[in-house]
Amino acid sequence: MAAGLAQPTEITTDLVVGGMTCAACVNRVEKKLGKLEGVVATVNLATGRARVTHPDSYAPEDLVVAVEQAGFTASLPEPPAAETDGGAGAAPRDEAADEATRQRDRLVVTAVLAVPVLILSMVPALQFSNWQWLCFALAAPVAVWSAAPCHQKALRGLRHSAATMDTLVSLGVIASFAWSTYALFLGGAGEPDMSMPFSLLPSASGDVAHVYLEAAVAVPLFVLTGRFLEARAKHNTGAALRSLAELAAKDVSVRDEDGGRERRIPIGQLKVGQLFVVRPGEKVATDGTVVEGSSALDVSLVTGESEPVETAPGSTVVGAAVNAGGLLVVRATAVGDDTRLARITRLVTEAQAGKAKAQRVADQVAGVFVPVVLALAVTVLGFWLGAGADPQAAVTVAVAVLVVACPCALGLATPTALLAATGRGAQLGILVKGPRALETLRGIDTVVLDKTGTLTTGRMRVARVTAEPGGIGDRAVLRLAGAVEQGSEHPLGKAIAGHAEQAESGEPLPRTTGFTASVGAGVAGRVDERHVEVCAPGDTPLSEALAAALAAAEDAAHTPVLVRVDGRPEAVIAVGDTLRPEAFRAVDRLRRLGLRTVIATGDREATARAVAAELGIPESDVHARCTPEDKALLVKELKAEGLRVAVVGDGVNDTVALAGADLGIAMGGGTDAAIGAADVTLVREDVLVVADAVKLARRTMGTIRANLLWAFGYNLVTVPLAMTGWLNPMVAAAAMSVSSLLVVTNSLRLRAWQPTAPHVVRGGRGPARQLEAAA
């Protein structure tokens, strides 16, 4: 290759595609865009969006032209109102609701005109002299105006040598109405051949040829009913995404740094670094760090976490959380598209734009299905005419074939389920990057868990304080040790100081004088006229009680710290990274789902084995002192055994393993690198949600399989029935609408899916007691 030639850069463009009604439309748009060199398109029928990956040599306008050449409309999405309203806080235009309103209005007019025609045609007792002419006057607007969208789309497809569901419906309506007009005005139709099994068709009476105006109005009526209900259902499946967009505050009270003066400004004008005030009952305007005040925040709408989160100076807060307590002053750390809420919204949107493998197959089938149905209709018409059947009966059979064989359900089978599942997942704190992740998540059989920050809190805490019997007591010794450790920057010292402050219930710890710190030895100082040392035990002679506490700490893989007061050993404090309260139940639930759990950690062997023993994980599945490369190698070895591996982690050291696994799951509180490498992000720092994610994926893929089975099975049954004359056009139209509605309704059940209710694990030591409590 010649030096200096720049390689084209691939970019992704989203398009809003209008006029699609079935999987055949989706297939046509994807094929048209795919004919452009280097362009790959994924089109979603339920959302009406196309995600197009293309070289930067193509402008978005080129993609729009390609879609229009396929016979559809296309436009770029409306830009978010981030510049004026703050991005995440701006609710997007609800296109599904607008479409539902349009369909409802057209349906109401159609029903008013069509119902009298159906009643008069189907109930002979109500027929009067020249009733056919009244029916004709009512049916004409239905066949022309009500069915106009189908006619227009069919004509557009004809110009591009393509056929879709609208082609079938349009031909069915035109054939029924044209035959009825001919029979009514010329009267040459004659009676239908009743030797054919038309048990659902009315017979002709008197010397007036039978007209099929009921079919001409029933098809548009049922099609519009189905589309109205589908639009309503699509509106419901997008409810979670809309609620995310509507969560953020619209304006904020900003406090000046100097005089403390407050002023109210639109959220879009808030800048990083500014101070803003959150009063009780208000939403936190954006992500930030608490500068003043303490309170409890309700974050359930953002993370799905039900319990309020306590905050104090130094705590990080997430935008859209509700202040349930006192007044807070927060410094903004992210605004607009950089906030956590905006990132969640983007992930959900991207997930809903994807397409599962099963849906790609369905779309390909639909692409050839419509031409095959047209050929079948013509063949059936010729067969019955050749068999000597009455012409109007033969036409009716052909119309029924056209109407009943609608591939709409095929196109809706997967995207509606994905819309509902990803929206429900977001509400529960489970962000899935796309359909591939759901498909993979359903099939995993091994979960590799990082220890620090995943199974444990990732923060050093005091696990136990054991005071010398007959000494000054555990509370007094903790108070003295905490006072000395206030001047330490060591994680162990911070853990002891924090625990002491908490034990004092907000009362300040005593002042320390003469503070000294020795690397690797500990700290010392004078507190309340006593010389206090907090140090490593070393070879210091200890009493039986303190020696037992020291051994217990080492067995539990905790770090023991000795506290000496005036030279006398007074206590052993065990400090360590404690297990998350939900870790016991999370591992048990994964095991109940048939998943093997493996621990991979960079921590020392004793610590890893102690954690595994508490969780009931066998030693053979514990891997300690792992470097990032070791974790990646472990994943590779497990995959070589034929296992489908998911990795759960939160740190930079987990990134390589997350990317190399069949599926990467990142804890939401982890690093950006880990979240970026993962396929699934858990918004809550709760490993219990991993099991929920697996169960949601299994339920979603089961729903998709059921939808596709119904969609294919419906056509396999109804098309032969229509070909043999057992379905008239009116019943065929109703069956077609009900088919699509059943698929959408089945998908909507995912919106109500609930994970197993969490239980609090209390007390006990060791895996047996813990897992018994968890169950």
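Reader: If helices are DSSP runs of H or I with at least four residues, and strands runs of E with at least two, numbered from the N terminus, how many of each does this chain have?

Author: The chain comes to 28 helices and 26 strands. This is a predicted model, where local features need pLDDT of at least 70 and side-chain atom pairs pLDDT 80 or more, while totals for chains, interfaces and linings use all residues. Residues are numbered from 1 along each chain, and side-chain values use heavy atoms, without hydrogens or water.

Reader: OK, and which strands make up the seven-stranded open sheet?

Author: Reading across the sheet, the order is β14-β26-β25-β24-β15-β22-β23, and the pairing is mixed; strands pair if DSSP finds at least two bridges between them.

Reader: Which two strands stand at the edges, then?

Author: Those are β14, made of residues 430–432, and β23, made of residues 622–623. Each of these two strands has a single partner strand, so one side of each is left without a neighbour in the sheet.

Reader: How does β23 connect to β22, parallel or antiparallel?

Author: They run parallel, and two bridges join β23 to β22, which covers residues 596–600. Within that pair, A600 of β22 has H623 of β23 standing opposite.

Reader: And which strands of the sheet does α16 touch?

Author: Helix α16 packs on the sheet by touching the edge strand β14, together with β25 at 663–667 and β26 at 680–682.

Reader: Is that helix largely enclosed or left open?

Author: Helix α16, spanning residues 435–443, is largely enclosed by the rest of the structure, because seven of its nine residues are buried, with under 20% relative accessible area. The buried residues are P435, A437, L438, E439, T440, L441 and G443, and in the whole chain of 775 residues the buried share is 52%.

Reader: Switching to L663 for a moment, what is it in contact with, apart from its neighbours within four places in sequence?

Author: Counting heavy atoms within 4.5 Å as a contact, L663 is in contact with A437, T440, L441, I444, V645, A646, V647, D679 and V680. Of these, A437, T440 and L441 are among the buried residues of α16.

Reader: What share of the chain's contacts with a separation of 6 or more comes from residues 24 or more positions apart?

Author: Residues 24 or more positions apart account for 71% of those contacts.

Reader: Last thing: where does helix α26 lie?

Author: Helix α26, which runs over residues 689–723, lies across four strands, namely β14, β24 at 645–649, β25 and β26. Of these strands, β14, β25 and β26 are also touched by α16.

How values were computed
Buried < 20%, exposed > 50% of the residue type's maximum accessible area, 1.4 Å probe, protein only. Axes fitted to C-alpha atoms, helices over the stretch in contact; angles between N-to-C directions.
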